[in-house]
Amino acid sequence: MAAAAARIALCIGLLALGGCSTLGYYGHLARGQLALLRARTPIERVLAAPGTDPGLRLRLAEVLAARRFAVAHLGLPDNASYTGYVALDRPFVSWAVYAAPEFSVEPVPQCFPLAGCVPYRGYFDRGRARAAARRLEAQGLETWIGGVPAYSTLGWFDDPVLSSMLADDQDALIETLFHELAHQWLYVRDDAGFNESLASFVGRQGLAEWRAARGEPAPDPAVRAARSAFVADVLALRARLRALYRQPLRTEAMRARKREAFATFAAQQRHASSAPQPALEAWLAEGLNNATLAPFGIYDRWVPAFAALFEHGGRDWSAFRAAAEAIARMPADERVLYLDAWLAAAARDGAGRGAPSVTSPSDRESTPAVRGR
């Protein structure tokens, strides 16, 4: 623990170079991270404890098995992450604050010396997140606060399994485990879209193969299809709003068109659902704005492109990892063009049936991606 505390102190010392105005925020992050590290209990010890809830014991035992599968089958990092457990006293480990201008769907970036720029700022305390959102709103920005059940320190620390990760079903827990380990494998500074789309694909595909290895049926395709359809609707709304915001309209006219777009979207989502959807209703009831849509453009944009790349490589994880690492080494603008080409190929021909007519990144020379840290 002393080594972990020293590493946190080093990180905060580097981060403080950004200015005293941010030192309080980074101190909050350091205290929150250290509290998590101190609260870890090895999962093996939790399993052996006679008072452990039987349901929790079963779920954590499966996590350890999935952790081994991630290393042996998916080629994800073999370290001590997700071999410890923390029972939180709150529903989420942290809260992410997204912000966007009134007439833009692009989130305001938050930049950090070590992790680069991401489209949100995280807080271990919900009150701090709300206060930050109010400050951003006072600047004329729209905000949205989302609860975060899990996050990755990108290999700086041994991340634990959190009780917030167990709030959903076991499939979601295992998918999250693979997702977060993917961040430890490959992370490109200043490219949240690449990082999250890649990790989302690894999580989903890894879950399907994990279930297959256990002789279990694949995840319900209807659930995945419904999720994909919803995400497609959200991304289509973002595209319509982006086009709207480029039009030379007066402010009030722009606001009216914007309100109409959001209202139409909400009505369509309610109409499309044949059964009550509490989560959807709660999300819509919060009030939609540009910041509300931000996560969808980050976590989902290139998932079909990575799926197509995986299929094209014969569903071989070694080949896929090599291809993803090569894409990560590309300059940012070329990386976008390359993934967009795979996205178009997947939409045109189906995943893996046809490769885009662009130069393979393995034929290029460029700077290495930031990995793990």
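Which side chains meet in a salt bridge at 3.6 Å, N to O? In this predicted model, the answer is Arg227 and Asp300. This contact joins distant parts of the chain, with Arg227 in helix α8 (residues 221–245) and Asp300 in the loop between α11 and α12, 73 residues apart. Arg227 is partly exposed, its relative accessible area being 34%. Asp300, by contrast, has a relative accessibility of 8% and so counts as buried, the cut-off being under 20%.

Asp300 also takes part in a salt bridge with Arg204, at 3.1 Å from N to O. Here too, distant parts of the chain are linked: Arg204 belongs to helix α7 (residues 192–213), and Asp300 sits in the loop between α11 (294–299) and α12 (303–312), 96 residues apart. Arg204 counts as buried, with a relative accessibility of 19%.

A further pairing brings together the side chains of Glu142 and Lys258, with an N to O distance of 2.2 Å. Because Glu142 lies in strand β7 (residues 142–148) and Lys258 in helix α9 (residues 251–272), this salt bridge ties together parts that are 116 residues apart in sequence. Glu142 is buried at a relative accessible area of 15%, and Lys258 is buried as well, at 8% relative accessibility.

It helps to set these pairs in the wider picture. The search of the whole structure finds 17 salt bridges. Some charged residues are joined in a network of salt bridges, made up of Glu62, Asp171, Arg211, Arg214 and Glu216. As a general point, side chains of opposite charge can pair when their charged atoms come close.

Conventions: Residues numbered from 1 in each chain as written. Predicted model: local features only at pLDDT ≥ 70, side-chain atom pairs only at ≥ 80, totals over all residues. Heavy atoms only, no water. Salt bridge = Lys/Arg side-chain N within 4 Å of Asp/Glu carboxyl O. Helix = DSSP H or I, 4+ residues; strand = E, 2+ residues; numbered from the N terminus. Buried < 20%, exposed > 50% of the residue type's maximum accessible area, 1.4 Å probe, protein only.
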